[in-house]
Amino acid sequence: MLKTTIIGASGYTGAELALMVFKHPHLSLSGLYVSENSLDKGKAISELHGSLKGIVDDALQPLVNLNQVAKESDIVLLATAHEVSHDLASTFLENGCVVFDLSGAFRVQKEGFYSKFYGFEHKYEGWLDKAVYGLAEWNADEIAKAQLIAVPGCYPTASQLALKPLVEANLLDQNQWPVINATSGATGAGRKANLTSSFCEVSLQPYGVFNHRHQPEIAAHLGCDVIFTPHLGNFKRGILATITTKLEKGITEEQIQKAFEKAYAKEPIVRLLGNEMPKLQSVEKTPFCDIGWKVQGEHLIVVSAIDNLLKGASSQAMQCINIRFRFPMLTALI
């Protein structure tokens, strides 16, 4: 049994992770931690997330002695803010833990990226260089050998899974950037109280226009520029991404079908719907990514749907754990 610790366990993704670790036959939950100043310390996680009552009732402990926690852990899941993950990860790594970071702190290896898009200077370039991007369906070989896995953001996951097969097969006109319009449920903003993400205040609207930090993450790992516009929707969970692209001249619908099948025929988490359009209801509270598409002339619209808390965060982290430790892919997920 691999001793598994969750840091930042009080949030939505932390709760999902706790349930999956409980379900996993080869993992044991060695600790649920929150910051030393958290108002949730000492409370049972099931007091905050009622769906866990009678399943995971462990108390949330204040994170005080990092080295001691590290010595008691084989796996550390960081469900923490970007700058917190940045500060914590190195201690766990230096103690030999395998770290799965759900924040953006180690996702992009590009000079000046963190000061521009995250507001802090990255101090651990050595670990940043060693970090493997945890897009499970595309980076399995690297994930299987890594000590630090940077789990992708929810928008980048939905966008890249839809676009990567097309980019890899050189089916898109590179002179016209793919246009990604994606809408997320309010849980994407986290559990902390905030007026802009308060459910009664949420109205469907775009945000981060031309300056959202996920645009450069998508572009860096996709290998091409994109126009990305996120939207906040007045529903709890899920992401629907509608992506408009232009095809290279002469590309047929059959070639598009083959590209998707080549990429995902052996990937159980990605479900190809062909000309049927995905919907959030089908992926909510599941680890799946549903992808559908339609062609008209030289234009292709691809739609992907995921649960932002699962395939967009926690279940993708669990996929990466399964890859890293050679467990069956669907363990604790289905």
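**Exercise 1. The two faces of E5**

Task: In this predicted model, are the residues on both faces of E5 buried or exposed?

Solution: Start with one side of the strand, where you will find Val98 and Phe100. Then turn to the other side, which carries Val99 and Asp101. All four of these residues are buried, so both faces of E5 are covered. This arrangement fits a general pattern: in a regular strand, side chains alternate between the two faces of the sheet.

**Exercise 2. Finding your way through the sheet**

Task: What is the order of the strands in the open sheet of seven strands, and which are the edge strands?

Solution: Read the sheet across, and the order is E3-E2-E1-E4-E5-E7-E6, with parallel pairing. The edges are strand E3 (61–62) and strand E6 (132–133), each of which pairs on one side only.

Next, look at E4 and its partners. Strand E1 (residues 2–7) pairs in parallel with strand E4 (residues 75–78) over four bridges. Within this pair, Ile6 is placed opposite Leu77 of E4. E4 is also joined to E5 by four bridges, and these two strands run parallel. Here Ile75 faces Val98 in E5. You met Val98 in the previous exercise as one of the buried residues of E5.

**Exercise 3. Helices lying on the sheet**

Task: Which strands does helix H1 (residues 12–23) lie across, and which does helix H12 (residues 314–324) touch?

Solution: Take H1 first: this helix lies across E1, strand E2 (27–34) and E4, and runs at about 165° to E1. Now follow H12, which packs on the sheet and touches E2, E4, strand E5 (98–101) and strand E7 (148–150). The direction of H12 makes about 155° with that of E5.

**Exercise 4. H8 and its two neighbours**

Task: At what angles does H8 pack with H9 and cross H10?

Solution: Begin with helix H8 (residues 154–168) and helix H9 (residues 214–222), which pack at about 30° with axes 10 Å apart. An angle under 35 degrees counts as roughly parallel, so H8 and H9 are roughly parallel to each other. Their crossing is right-handed. On the H8 side, the contact residues include Tyr155, Leu163 and Val167, while H9 contributes residues including Ile218 and Leu222. By class, this contact has seven nonpolar, four polar and two charged residues.

Now move to H10. The axes of H8 and H10 come within 8 Å and cross at roughly 115°, so these helices are roughly perpendicular to each other. H8 passes H10 in a right-handed crossing too. In H8, Gln160, Leu161, Ala162, Pro165 and Leu166 take part, meeting Ile256, Ala259, Phe260, Ala263 and Tyr264 of H10. This contact has nine nonpolar residues, one polar and no charged ones.

**Exercise 5. What covers H9?**

Task: Which residues of H9 are buried, and what covers them?

Solution: The buried residues are His214, Pro216, Glu217, Ile218, Ala219 and Leu222. Their cover includes helix H5 (113–117), E6, H8, strand E8 (179–184) and strand E10 (227–232). Just past the helix comes Gly223, with a positive phi near 85°.

**Exercise 6. A lysine in a loop**

Task: Where is Lys249 found, and is this residue buried or exposed?

Solution: Look in the loop between strand E11 (239–246) and helix H10 (253–264), where Lys249 is found. Its relative accessible area is 69%. Because exposed means over 50%, Lys249 counts as exposed. As a last step, compare Lys249 with Ala265: the two are 16 residues apart in sequence and 26 Å apart in space, C-alpha to C-alpha.

Conventions: Residues are numbered from 1 along each chain as its sequence is written. This is a predicted model: local features need pLDDT of at least 70, side-chain atom pairs count only at pLDDT 80 or more; totals for chains, interfaces and linings use all residues. Side-chain values use heavy atoms; hydrogens and water are left out. Axes are lines fitted to C-alpha atoms, for helices over the stretch in contact, and angles run from 0 to 180 degrees between N-to-C directions. Angles under 35 degrees count as roughly parallel, over 145 as roughly antiparallel, 65 to 115 as roughly perpendicular and the rest as oblique. A crossing is left-handed if the near helix is turned anticlockwise from the far one by less than a right angle, and right-handed if clockwise. Contact means heavy atoms within 4.5 Å. Ala, Val, Leu, Ile, Met, Phe, Trp, Tyr, Cys and Pro count as nonpolar, Asp, Glu, Lys and Arg as charged, and the others, Gly among them, as polar. Two strands pair if DSSP finds at least two bridges between them. Buried means under 20% relative accessible area, exposed over 50%, partly exposed in between (1.4 Å probe, protein chains only).
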